[in-house]
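Subject: The structure to look at

Hi,

Here is the structure I promised to pass on. Have it open while you read, and my notes on what turned up follow right below it.

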Amino acid sequence: MSPIHPPFLFLFFFLFLHCSAQSSLSPTDRQALLNIRQNLFDLPGSTFFSSWDFSSDPCLSFSGITCSPDDDDNNFLRVSVLTLGTGLTDSPGLGGILPTSISNLSALTELVIFPGRITGQIPTNLGGSLPLLRLLSISSNLLLGPIPPSLSNLPFLHTLDLSQNQLQDSLPPSLLSSNPSLKVLILAYNGGLTGPIPSQLTSAPNLLHLDLRGNSFTGFLPPLPSTLRFLSVSINSLSGPLPPISPALEFLDLSNNVFSGEIPPAIFSLPRLSSILLNDNNFSGNLSLPLSSDTTVKWAVVDVSHNMLTGEPPAGLAAADSLYLNDNQFTGAVPAEYIESIYNGSMTTFYAQSNFLSVFSLPPATVGMAVPASASLCLSHNCMLPPPAATTGCPASAQAHLSRPSYQCAAVSGGD
Ligand SMILES: *[C@@H]1O[C@H](CO)[C@@H](O)[C@H](O)[C@H]1NC(C)=O
Ligand SMILES: *[C@@H]1O[C@H](CO)[C@@H](O)[C@H](O)[C@H]1NC(C)=O
Ligand SMILES: *[C@@H]1O[C@H](CO)[C@@H](O)[C@H](O)[C@H]1NC(C)=O
Ligand SMILES: *[C@@H]1O[C@H](CO)[C@@H](O)[C@H](O)[C@H]1NC(C)=O
C-alpha cells in the first residue's frame, strides 16, 4: 500500500468533479423518472426496472435511458430517449397506468414503450409538451381513449405508432396535415377508431406508410398523397368508389371493407405496385387491365376474391405470382396465359373457385408438362369439371363441390 501522491489525488478529484458535473440529470427529469417508476411495474417475468436504482445516476445506469446536454442549461443533462421495456419477444413487458409525468421530459426525442399491459389515456398535452419528438411508439399495450390532437405541429415527428391498443374516437385531421416530417403512421388494430379518414390525408406532406387496418373507419377513402408507398385500410367499414391511386404506391390493402363500383384499371399499371389486395369488398363490373398494359409489371399478389366481379378474367393477370379470383361471378375460359404461367412455375397460387368459369383447356405450350408440385390451384365449384391437378390446393371449404349444379350454369353457358 503506497500513499497516493498529491498530484494524483488532485487528478482523481478533478475527474470526480468533471464526471459528476457531466452526469447530473435535471431535477425535473429525475422527478419525472421517479414518478414513472412509481406508476409502472415489471409484469411477472420482466426485469426491465431492475437497473432503475435511484441511488445511482440514471444517465449512467438506468436501462432504456439516453441523456443529452441541456441546450438551455449547461449544468444539466436531459433525458432525450426513453425506451420502456426490453422489447425481447419473450418478455411480458410492463404494466400500470401511463403516467402524465412523461410530459415533463420535455427534451425527449424518442419515446418507445414495448408491448405490455400499460393502460390509461395518452396525456392530452403530450405533443405540446414534447416539441422535439421524432419517434413515438407505444404498440401492443392497453391504452384507452382518444388520440390527442396535441400530437400535431411537431416539426420533427417522423414515426407515430400507436397500433394494437384500445384507442377510440376519430383521427385528428391535423395529425396528417400539420406534421411536416411525418413519414410513418401506424394506428392498426385499435378496433375503436371511428369516423371518416380525414380529407387532410391528401395533403399530408411526407407520408410514406399509413396503416389503419382493424378499426371502424367509415366513409370514402380520400385521394392519396403522392408520396405514399404503403397503404392498408383493411378491416374497416369504408365504402364508395376508389379515389385515384398514387403512382408511388408499392403495397395496397383495401380488403374487408364495402368499397363498391368498378376496380379502376389504372391500379394495374402502377409501376411499383406489387401487392394489390382488394378482396372481400363489394366491387362489381368487368375486371379489366389498361389497354396499354406495361408488361414489366410483375405482381407478388393480386387478390380480388369475394367481390361481385363479372366478365372474363383478364389475361394480363398471368403476371401475378399469386392470383385470387375466387368467389366472384367470372365467366368464360381460364386464360391460356394463366395456365402457361402455372405450368412454367411463374404463378404459384391460382384460386378461382366459386365462379362461373366454363373452360380450362391446356394450351399447346404445356403439352407434355405437369403442374409443378409447388403450385397451389383451386378451380372447384365452377361451370366445368376441373382437372384433378386444379383442385389439390382447394381449401377445405371449397372441396365439397367440384362443379356447380347445372341449373346455376344454364344462364352463363346459354350463349355457347
Ligand atoms: C411535472 O411538471 C409539473 C409542472 O411543472 C409539476 O407540477 C409536476 O409536479 C411535475 N410532475 C412530476 C412527476 O415531476
Ligand atoms: C354493393 O353494391 C351494390 C351495387 O353494385 C349496391 O346496390 C349495394 O348497396 C352495395 N352494398 C353495400 C353493402 O355497400
Ligand atoms: C363484360 O364481359 C362480358 C363477357 O365477357 C361481355 O359480354 C360484356 O359486354 C362486358 N361488359 C362490359 C360493360 O364491358
Ligand atoms: C411463363 O408463362 C407466362 C405466360 O405465357 C410468360 O409471360 C412468362 O414469361 C413465362 N415465364 C417463364 C419463366 O417462362
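Ligand 3 has Asn286, Gly311 and Glu312 around it. This is a predicted model, by the way, so keep that in mind for everything below. Look for the side chain of Asn286: one of its polar atoms sits 2.3 Å from an oxygen atom of ligand 3. On its own, ligand 3 has 360 Å² of accessible area, and the protein covers 27% of that.

Next, go to ligand 4. Which residues are around it? You should find Glu337, Glu340, Ser341, Asn344 and Ser346 there. Sorted by type, that shell has no nonpolar residues, three polar ones and two charged ones. Two of the side chains come with distances you can check on screen. An N or O atom in the side chain of Asn344 is 2.4 Å from an oxygen atom of ligand 4, and a polar side-chain atom of Glu340 lies 2.7 Å from an oxygen atom of the ligand. As for cover, the protein takes up 42% of the 360 Å² of accessible area that ligand 4 has by itself.

Ligand 1 is the last one on my list. Gln31, Ala32, Asn35, Ser101 and Asn104 surround it. Here Asn104 has a polar side-chain atom 2.3 Å from an oxygen atom of ligand 1. The protein buries 40% of the 360 Å² that ligand 1 exposes when taken alone. How many residues of each type make up this shell? One is nonpolar, four are polar and none is charged.

While you have ligand 4 in view, take a look at helix α6, which covers residues 336–343. Ser341 turns up again here: besides being around ligand 4, Ser341 is one of the buried residues of α6. The others are Tyr338, Ile339, Ile342 and Tyr343. What do the buried residues of α6 pack against? They pack against three strands, namely β23 (320–324), β25 (349–351) and β27 (376–378). Just after the helix, Gly345 has a positive phi of about 85 degrees.

Now for the disulfides. A disulfide is a covalent bond between the sulfur atoms of two cysteines. Searching the whole structure gives three of them. If you count the bonded cysteines along the chain, they pair up as 1-2, 3-5, 4-6. Here is each pair in turn:

- Cys59 and Cys67: the sulfur atoms are 2.0 Å apart. The torsion about the S-S bond is about -90 degrees, so this disulfide is left-handed. Cys59 counts as buried because its relative accessible area is 16%, and the cut-off for buried is under 20%.
- Cys378 and Cys394: again the sulfur atoms are 2.0 Å apart. This link is right-handed, with 95 degrees about the S-S bond. Cys378 is in strand β27 and Cys394 is in the loop between β27 and α7 (406–413), so the pair ties together parts 16 residues apart in sequence. Both cysteines are buried.
- Cys383 and Cys409: these sulfur atoms are 2.0 Å apart too. With a torsion of about -85 degrees about the S-S bond, the disulfide is left-handed. Cys383 lies in the loop between β27 and α7 while Cys409 lies in helix α7, so this pair joins parts that are 26 residues apart in sequence. Cys383 and Cys409 are buried as well.

Strand β27 links two of these topics: the buried residues of α6 pack against β27, and Cys378 lies in it.

One last stop is Asn190, in the loop between β11 (184–186) and β12 (192–196). Is Asn190 buried or exposed? Asn190 counts as buried because its relative accessibility is 7%. Its side chain has backbone partners to look for. A polar atom of the Asn190 side chain lies 3.1 Å from the backbone nitrogen of Asn165, and the side chain also reaches the backbone nitrogen of Leu167 at 3.0 Å. Leaving out neighbours within four places in sequence, the contacts of Asn190 include Leu162, Ser163, Gln164 and Gln166, along with Gly214 and Asn215.

Have fun clicking through it, and write back if anything is unclear.

Cheers

Conventions. Residues are numbered from 1 along each chain as its sequence is written. Chains are lettered from A and ligands numbered from 1 in the order in which they are written. This is a predicted model: local features need pLDDT of at least 70, side-chain atom pairs count only at pLDDT 80 or more; totals for chains, interfaces and linings use all residues. Side-chain values use heavy atoms; hydrogens and water are left out. A residue is near a molecule or strand if one of its heavy atoms lies within 4 Å of it. A polar contact is a pair of N or O atoms within 3.5 Å; within protein, one must be able to donate a hydrogen and the other to accept it, and residues adjacent in sequence count only if both atoms are side-chain atoms. Accessible areas come from the Shrake-Rupley method with a 1.4 Å probe; for residues, only the protein chains shown count as cover. Ala, Val, Leu, Ile, Met, Phe, Trp, Tyr, Cys and Pro count as nonpolar, Asp, Glu, Lys and Arg as charged, and the others, Gly among them, as polar. Helices (H or I, at least four residues) and strands (E, at least two) are DSSP runs, numbered from the N terminus. Buried means under 20% relative accessible area, exposed over 50%, partly exposed in between (1.4 Å probe, protein chains only). Contact means heavy atoms within 4.5 Å. A disulfide is a pair of cysteine sulfur atoms within 2.5 Å.
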